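Dear colleague,

I am handing over the structure below, and after it you will find an account of what was found in it. Please keep the 3D view open as you read, so that each part can be followed on the screen.

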Amino acid sequence: MDVDAYLDRLDLDRPATADVAALRVLQERHLAVVPFENLSIHLGEPIVLDVDALFDKIVRRRRGGFCYELNGLFAALLRELGFDVTLKSAKVFRPDGTLGPPFDHATIRVDLDEPWLADVGFGRFSRFPLRLTATEAQADPDGEFLILDAPYGDTDVLLEGKPQFRIEQRSRDLDEFVPTAFWQSTSPDSHFTRKPACSLPGEHGRVTLAGDKLIVTTHGVREETELSGDQDILDAYRKEFGIELDRVPGRP
């Protein structure tokens with residue numbers, strides 16, 4: 001991997017030490033710069049869970065991705081920088097409180113002085129890594145998080161008291177997520193196939209382009225604008241996310 005090119009994408013210098021302080025900077029900056037997006041699904045581009053392919057997409061082409069892509073490549077970067085990293089499979093909690101299937105989400109465990117949860121691929125989530133062994137609530141700019149023991153040695157992650165996902169103990173390789181990533185990117189039952197979406201957090205909120213709707217949330221106030229044409233949508237991808245496209249996702 002061309003680590004310097006990846007760090008240039010994040011506008012960061014190489015950290016001197018693979019420690020918690022460096023991990024915090026890397027996660028915060030990754031979330032701020034690399035969008036959470038499903039545009040490949042709506043552009044007819046395959047989802048390829050290979051580090052070289054992900055590097056080309058996210059670093060060279062300055063795109064984003066969804067969890068398997070973002071956390072898959074971020075884990076590879078952390079390893080190159082000297083961190084002790086493992087990928088974990090997680091089941092995402094549905095709105096009704098039931099759990100999704102295994103491999104529903106890919107997240108990252110980083111072992112330093114203690115185990116940490118790092119995640120740049122869940123959309124709205126913690127801006128900074130979370131202590132996996134903490135018994136108390138953890139304050140973050142994006143909310144209060146709680147780590148709880150779950151059955152069979154698994155771990156639940158809660159945001160503002162609401163369960164987000166359940167992490168299994170076993171470590172996984174990136175290619176083990178391929179079947180579920182294929183389902184997520186092709187099935188009509190997957191929420192990723194319903195409409196194109198692209199999102200980035202801001203200093204005081206979040207900006208999201210969902211279909212032809214630009215949604216800007218600032219200090220909890222939501223402003224929604226319906227974009228009138230293809231060029232307006234392409235301009236929004238460029239201005240808000242730094243993504244250059246030659247056609248609107250989801251359209252012929």
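This is a predicted model, and a good place to begin is the sheet of eight strands, an open one in which the order is β5-β4-β3-β2-β9-β8-β7-β6 and the pairing is antiparallel. At its edges stand β5 (130-131) and β6 (138-140), each of which has a single partner strand, so one side of each is left without a neighbour in the sheet. As a general point, the strands of a sheet pair through backbone hydrogen bonds, and they may do so in a parallel or an antiparallel way. Within this sheet you can look at strand β8 (residues 155-159) and strand β9 (residues 162-172), which pair in the antiparallel sense over five bridges, and there V157 is found opposite F165 in β9.

Two helices can be placed against this sheet. Helix α5 (residues 67-80) packs on the sheet and touches β2 (84-92), β3 and β4, with a direction that makes about 20 degrees with that of β3. Helix α2 (residues 20-33) lies across β3 (105-111) and β4 (115-118), and α2 runs at about 10 degrees to β4.

There is also an open sheet of five strands, which follow the order β1-β10-β11-β12-β13 and again pair in the antiparallel sense. Here the edges are held by β1 and β13 (221-226), and each has a single partner strand, so one side of each is left without a neighbour in the sheet. The antiparallel strands β1 and β10 are joined by two bridges, and along them F36 stands opposite S199 in β10, while E37 stands opposite C198 in β10. Between β10 and β11 the antiparallel pairing extends over six bridges, with P201 opposite R206 in β11, and a hairpin of two residues joins β10 to β11. Helix α7 (residues 230-241) lies across β10, β11 (205-210) and β12 (213-218), and α7 runs at about 155 degrees to β11.

Which residue forms an aromatic pair with F36? The structure holds eleven aromatic pairs, and in one of them F36 is paired with F192 in a tilted arrangement, with 6.4 Å from centre to centre and 50 degrees between the planes. Because F36 lies in strand β1 (residues 36-37) and F192 in the loop between α6 (178-186) and β10, the pair ties together parts that are 156 residues apart in sequence.

Next come the enclosed spaces. The structure holds three cavities of 30 Å³ or more, and the largest cavity contains about 50 Å³ of space. Its lining is made up of L31, V34, F36, V120, G123, S199, L200, P201 and R206, which divide into six nonpolar residues, two polar ones and one charged one. Strand β10 (residues 197-202) gives the most to this lining, with three residues. You have already met several of these residues in the sheet of five strands, where F36 stands opposite S199 and P201 stands opposite R206.

Last come the pockets. The largest pocket has a volume of about 1,400 Å³, and among the 38 residues that line it, F36, V92, F122, H191 and F192 lie nearest its centre. Two or more residues of this lining come from each of β1, β9, α6, β10, β11 and β12, and by class the lining of the largest pocket divides into 15 nonpolar, 13 polar and ten charged residues. The aromatic pair of F36 and F192 is therefore worth finding again here, because both residues are listed with those that lie nearest the centre of the largest pocket.

The second largest pocket holds about 290 Å³ of space, and it is lined by 19 residues, of which R109, L132, I147, D149 and T155 lie nearest its centre. At least two residues of this lining are supplied by each of β3, β4, β7 (143-149) and β9, and the lining of the second largest pocket has eight nonpolar, six polar and five charged residues.

With best wishes

Conventions
Residues are numbered from 1 along each chain as its sequence is written. This is a predicted model: local features need pLDDT of at least 70, side-chain atom pairs count only at pLDDT 80 or more; totals for chains, interfaces and linings use all residues. Side-chain values use heavy atoms; hydrogens and water are left out. On a 1 Å grid over the protein atoms alone, a cavity is a set of points where a 1.4 Å probe fits but cannot get out, and a pocket is an open set with protein on both sides within 12 Å along at least five of seven lines; lining residues have an atom within 4 Å of a point. Grid points are joined across faces, edges and corners, and a volume is the space filled by probe spheres set on the points. Helices (H or I, at least four residues) and strands (E, at least two) are DSSP runs, numbered from the N terminus. Ala, Val, Leu, Ile, Met, Phe, Trp, Tyr, Cys and Pro count as nonpolar, Asp, Glu, Lys and Arg as charged, and the others, Gly among them, as polar. Two strands pair if DSSP finds at least two bridges between them. Contact means heavy atoms within 4.5 Å. Axes are lines fitted to C-alpha atoms, for helices over the stretch in contact, and angles run from 0 to 180 degrees between N-to-C directions. Rings of Phe, Tyr and Trp (its six-membered ring) pair if their centres lie within 6.5 Å; planes under 30 degrees apart count as stacked, over 60 as edge-to-face and the rest as tilted.
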